[in-house]
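Let's take a friendly look at open space and ring pairing in one protein. Please have your viewer ready.

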Amino acid sequence: MKVVEVIEVAPDSEDGIARIIVEAEAQPREARGVYTLELQDAEGTKLLVLPGVRFPSI
């Protein structure tokens, strides 16, 4: 699976929630199942681990 783009959206002034959008290329067989998404900074330090990530149906 190849990450195409990562976008960080600034927090909304109403709810204060920041969003991170990760766009990845995947073949249909790769998009099945449940994954763990690990986000790291440029130095490779893990910043966030999100278990239970699924792709939308294609």
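## Ring exposure

A residue is called partly exposed when its relative accessible area falls between the limits for buried, under 20%, and exposed, over 50%. Keep in mind that this is a predicted model.

With those limits, Tyr-35 counts as partly exposed because its relative accessibility is 30%. Phe-55 has a relative accessibility of 28%, so Phe-55 counts as partly exposed too.

## The aromatic pair

A pair of aromatic rings is described by the distance of the centres and the angle of the planes. Searching the whole structure turns up 1 aromatic pair. Its members are Tyr-35 and Phe-55, with 5.9 Å centre to centre and 85° between the planes. That geometry is edge-to-face, because planes over 60 degrees apart fall into this class.

The pair joins distant parts of the chain, with the two positions 20 residues apart in numbering. Tyr-35 belongs to strand β3, while Phe-55 sits in the segment after β4.

## The largest pocket

Now for the empty space: the largest pocket holds about 380 Å³. It is lined by 18 residues, and the closest to its centre are Val-22, Ala-24, Leu-37, Val-53 and Phe-55.

Four strands each give two or more residues to this lining: β1 (2-9), β2 (19-25), β3 (35-40) and β4 (46-53). Which element gives the most to the lining? That is β2, with 5 residues. By residue class, the lining of the largest pocket has 14 nonpolar, 1 polar and 3 charged residues.

Terms used: Residues are numbered from 1 along each chain as its sequence is written. This is a predicted model: local features need pLDDT of at least 70, side-chain atom pairs count only at pLDDT 80 or more; totals for chains, interfaces and linings use all residues. Side-chain values use heavy atoms; hydrogens and water are left out. On a 1 Å grid over the protein atoms alone, a cavity is a set of points where a 1.4 Å probe fits but cannot get out, and a pocket is an open set with protein on both sides within 12 Å along at least five of seven lines; lining residues have an atom within 4 Å of a point. Grid points are joined across faces, edges and corners, and a volume is the space filled by probe spheres set on the points. Ala, Val, Leu, Ile, Met, Phe, Trp, Tyr, Cys and Pro count as nonpolar, Asp, Glu, Lys and Arg as charged, and the others, Gly among them, as polar. Rings of Phe, Tyr and Trp (its six-membered ring) pair if their centres lie within 6.5 Å; planes under 30 degrees apart count as stacked, over 60 as edge-to-face and the rest as tilted. Buried means under 20% relative accessible area, exposed over 50%, partly exposed in between (1.4 Å probe, protein chains only).
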